[in-house]
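Please look through the structure shown below, and keep it at hand while you read the explanation that follows.

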Amino acid sequence: MSKRGMLIVLSGPSGVGKGTVRKAIFAQDNNKFHYSISMTTRKMRPGEVNGKDYYFVSKKEFQAEISAGQMLEYAQYVDNYYGTPLKYVNEMLDAGKDVFLEIEVNGAMQVRKKCPDGLFIFLTPPDLMELRHRIIERGTDDLATIDKRMHKAVGEIEMMQNYDYAVVNDEVPAAVEKIKTIIRAERWRVKRFLPDYKKQLGDVLK
Ligand SMILES: Nc1nc2c(ncn2[C@@H]2O[C@H](COP(=O)(O)OP(=O)(O)O)[C@@H](O)[C@H]2O)c(=O)[nH]1
Ligand SMILES: Nc1ncnc2c1ncn2[C@@H]1O[C@H](COP(=O)(O)OP(=O)(O)O)[C@@H](O)[C@H]1O
């Protein structure tokens, strides 16, 4: 059976721990999923690597990619553009490989329209005080940016209703286990098998 790969989308407010949880999943199951590296116009943070954490580009370069139809989705987030290059995702899914996107909610909703068969998981904090605490602890944002991210977080959490599953990131290992369990169950969803069997039936009855 040659099946298309699964598209797994992980969203959640900034600072909830998406990057941390995603890296923990990849550390355990490095060859199971393929991480789609996003493109962004934001400045590189210390320790980040171009082409590994993000493709860091100028606004002009980003807009050129949009015009050329090269983005699966994109969104503006706190003064910067973020988006998913289409080519990598398509190539991997066509090759039957599972692709993992870690993106914010507006982009995720664009993906949901284009790929309704995807698996949409929302990572949520135990509460908003803990979220603020995590963003401050991370130490990558000044206070004004933290406030902007917190305001945005409230709207983002309301978008949770558009996702298939919610996972509370209380402890990283527990969140990782919950996500892996969801993905395991998703592989056996009937909708993933039906198209293939329908095609086989057509061939058998010829
Ligand atoms: N729509 C969209 N959002 C993205 C993409 N890549 C990252 N993001 C999201 O953009 C937001 C800001 O990212 P970033 O500046 O790296 O901050 P951080 O996730 O809080 O470390 C986060 O919610 C990311 O998940 C992308 O390709 N598309
Ligand atoms: N379950 C958790 N408990 C406590 N701190 C966490 C947890 N998950 C992540 N963190 C911390 O919260 C901060 C934000 O995590 P990060 O992965 O950068 O979030 P995101 O990618 O969603 O913006 C980091 O300092 C990280 O170490």
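A good place to begin is a single pair of residues in this predicted model, for Ile8 stands opposite Leu119, a residue of strand S8. That pair belongs to a longer arrangement, in which strand S1 (residues 7-11) and strand S8 (residues 119-124) pair in the parallel sense over four bridges.

Strand S1 has another partner to trace, since S1 and strand S7 (residues 98-102) also pair in the parallel sense, over four bridges. Here the residue to find is Leu10, which stands opposite Glu102 in S7.

Now consider how the rest of the chain surrounds S1. In a regular strand the side chains alternate between the two faces of the sheet. With that in mind, one can take the sides of S1 in turn: Leu7, Val9 and Ser11 lie on one side, Ile8 and Leu10 lie on the other, and all of these residues are buried, which leaves both faces of the strand covered. Put as a count, five of the five residues of S1 are buried, whereas in the chain as a whole buried residues make up 30% of the 206 residues.

Stepping back to the whole chain, we find eight helices and nine strands. The radius of gyration is 18 Å, close to the 17 Å that the globule rule gives for 206 residues, and the chain is therefore as compact as a globular protein of that length. Along the principal axes, its C-alpha atoms fill a box of roughly 65 × 40 × 30 Å. Finally, among the contacts between residues at least 6 apart in sequence, 71% join residues that are at least 24 apart.

How values were computed:
Residues numbered from 1 in each chain as written. Chains lettered and ligands numbered in written order. Predicted model: local features only at pLDDT ≥ 70, side-chain atom pairs only at ≥ 80, totals over all residues. Helix = DSSP H or I, 4+ residues; strand = E, 2+ residues; numbered from the N terminus. Rg over C-alpha atoms; globule rule 2.2 N^0.38 Å. Buried ≥ 20, exposed ≤ 12 C-beta atoms within 10 Å, placed from the backbone. Contact = placed C-beta atoms within 7 Å. Pairing = 2+ DSSP bridges.
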